[in-house]
Amino acid sequence: MRSGRRSDAENDQWLMARIQAGDLEAFEVLYTRYAHPLLNFFFQMCFDRSAAEDYLQETFLRVWRARASYRPIGKVSTWIFQIGKNYWFNERAKLLRRPFHAGAGGDEAQAQWSNVADRRGDSSPVAGASAGELETAIREAVSGLSDKLRAAFVLARYQRLPYSEIAAVLQIPVGTVKSRVALAEKTLRNRLANRLEEQE
Amino acid sequence: MSGGGFPDHSDLVALALGQLDPERERAVRATAAADPAVAREIQAIEHHLELHDAIPEIDPAPGVWLAVASGIAGPTTPAPRSLLYRFRYAAAAAAILAAAFLWPHPGAGMPPAERLFGSPVRTADGGYTCASIARLRLGDGVTVTMDSGARVGLPGKDRIQLHAGRVFFEVEKRRRGLVVEAGELRIVTLGTSFLVQRDGPGLAAVAVERGRIRYERNGSGGEVGPGESYPAGAVGQADLRGWFTRPTLEANLTDPTTLRVVLRNEMPDTIELAPPTGGEPLFYAGFAGHDFGLSPHSSPLLTESVALAPGGELGMELHLPRPVPSGEPLLLSYPVLGLRVEVRR
């Protein structure tokens, strides 16, 4: 039986209708809802707070500019994450095309990106605080994943999105999400084997 | 565990992440019950995934929204309807929410919440956050006043998590035993009102106004009573209630480099406005891709404390470092912690 209350998804649809009419206050409400998960998605993709905030800012500017193209057939959160993910991957592609990376293979180029990202500004979640050894080890292990595996793992483990929603965000089949998350888990577990033994 | 059969590794990872549908989950668990190798593998995956709790979450700096708002308020978008519009996001958001959200939204296990003030927004995990100060009753006998940007989670009926920011809790005696967690700091309420703030991992503090709380952190603990805080001195008593009794802002642009701001006390108490310490900006203003802080030096009326009676107004002029182009929207915000307010009854 329908309770008469709007679901979160319906609230988001209502907000999007207001935003499409140019309502900035509604846009601020949408920002408040999704800035945190989106910021953390970017942070977990690069472990660089400053870069993550840049990505967050640009994503919401793109969401505003693309507001007319939104169609209420899917979840608003999925649409926003898609925009963020596309922007992230486009920026990565640009970086990897630069001559600096011309001779590097995929993993090597990514390692360079991670190192560059880690050197930029505040790579620790708290200014002035150093990440613990375990956190550092996990960051290094996750940073070593390919972008595809990392995005699937981050969305599943850190963002806790259902596989079906991850599939919509990454625009791949659910089965592919499942296998990428599993491969990422296996890879990370091998890389963190020493840490896991210490915990036991 | 044999390779290539059922369940395969991806099933086990999906199980550990809670992603399997009930039927498949039952099948995997039945296999695990019959095959110790499968059970061990599930345990190993769960153990590994738990390790990732070490990666903390971060919160966006307030300047990100200001930059977004400045960026979209350019010449390609229609000009806002009025100057007031630009400075009253909080009130406008409250109006939107009143229409858009039917309160309450219960969190997991927590009785229905009731909005009392401001515009709290429900988060994807069933908790609440707010762009500007908000107050809500979380079920029976628990009232929280959230500072802007604060974020709480409601994982259970008797458990509240403070993920970020600061929140003033008023807990009735009959709800004693309610647990508030702020990172490693765990607070057990004993019928009390208290302020908890969390600025990051390991940077949580609690101050008690009345009643008592018991705290635990990293295996040690103690009790905190009225007028005390843990860690000692971490939260000033003047901050306890004053911070959420703050004035609203209105503005009139009289010339391109001067912003006239009126602070009006809409609260029933006399409040004392004191300039921020440490020289931090009092306001932030932004337009056309620029944003800058306006320090007390550019607002001489607030270089010393001023008492504002209920309904009283204080006008002051802020001088902008560069003129606002004609017709250019300008956004003004003031950081919550920047304006220190003390309530006097």
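## Exercises on a two-chain predicted model

B:Arg217 sits in strand β10 (residues 204-217) of chain B. The structure is a predicted model, and this residue makes a good place to begin.

**Exercise 1.** Decide whether B:Arg217 is buried, partly exposed or exposed, and find which residues B:Arg217 touches beyond its sequence neighbours.

*Solution.* Start by counting C-beta neighbours: B:Arg217 has 17 of them inside 10 Å. A buried residue needs 20 or more, and an exposed one has 12 or fewer. The count of 17 therefore makes B:Arg217 partly exposed. Next, set aside residues up to four places away in sequence; B:Arg217 then touches B:Glu184, B:Leu185 and B:Arg186. Take B:Leu185 from that group: B:Leu185 and B:Arg217 are 32 residues apart along the chain, with 4.9 Å between their C-alpha atoms.

**Exercise 2.** Work out which strands pair with β8 of chain B, and in which sense.

*Solution.* Look first at strand β7 (residues 159-171) of chain B, which pairs with β8(B) in the parallel sense through 3 bridges. Within this pairing, B:Ile160 has B:Val180 of β8(B) as its bridge partner. Then turn to strand β9 (residues 185-198) of chain B: β9(B) and β8(B) run antiparallel and are joined by 4 bridges. Here B:Val180 appears again, standing opposite B:Ile187 in β9(B). Finally, follow the chain from β8(B) to β9(B). This hairpin has 2 residues between the strands, and B:Gly183 takes a positive phi near 65°.

**Exercise 3.** Sort the residues of β8(B) by face: which are on the covered face and which on the uncovered one?

*Solution.* Strand β8 covers residues 179-182 of chain B. B:Val180 and B:Ala182 belong to the covered face. B:Val179 and B:Glu181 belong to the uncovered face. So B:Val180, the bridge partner of B:Ile160, lies on the covered face.

**Exercise 4.** Describe how helices α1 and α2 of chain A meet.

*Solution.* Helix α1 spans residues 8-20 and helix α2 spans residues 24-46, and their axes come within 8 Å and cross at roughly 140°. An angle over 145 degrees would count as roughly antiparallel, so these two helices are oblique to each other. Their crossing is left-handed. On the α1(A) side, the contact is made by A:Leu15, A:Arg18 and A:Ile19, while α2(A) brings A:Ala26, A:Phe27, A:Val29 and A:Leu30. Sorted by type, these residues give 6 nonpolar, no polar and 1 charged.

**Exercise 5.** Do the same for helices α7 and α8 of chain A.

*Solution.* The axes of α7 (residues 147-158) and α8 (residues 163-170) come within 10 Å and cross at roughly 140°. This pair is therefore oblique as well. The crossing of α7(A) with α8(A) is right-handed. From α7(A), A:Ala151, A:Ala152, A:Leu155 and A:Ala156 take part; from α8(A), A:Tyr163, A:Ile166, A:Val169 and A:Leu170 do. The residues of this contact are 8 nonpolar, no polar and no charged.

**Exercise 6.** Draw up a short profile of each chain: how many helices and strands does it have, and what share of its residues is buried?

*Solution.* Begin with chain A, which has 10 helices and 0 strands. Of its 200 residues, 40% are buried. Chain B has 7 helices and 21 strands, and 38% of its 345 residues are buried. As a last step, consider contacts between residues at least 6 apart in sequence. In chain A, 65% of these join residues 24 or more positions apart; in chain B, the share is 51%.

Note on methods:
Residues numbered from 1 in each chain as written. Chains lettered and ligands numbered in written order. Predicted model: local features only at pLDDT ≥ 70, side-chain atom pairs only at ≥ 80, totals over all residues. Axes fitted to C-alpha atoms, helices over the stretch in contact; angles between N-to-C directions. Parallel < 35°, antiparallel > 145°, perpendicular 65-115°, else oblique. Left-handed = near helix turned anticlockwise from the far one by under 90°. Contact = placed C-beta atoms within 7 Å. Nonpolar A, V, L, I, M, F, W, Y, C, P; charged D, E, K, R; others polar. Pairing = 2+ DSSP bridges.
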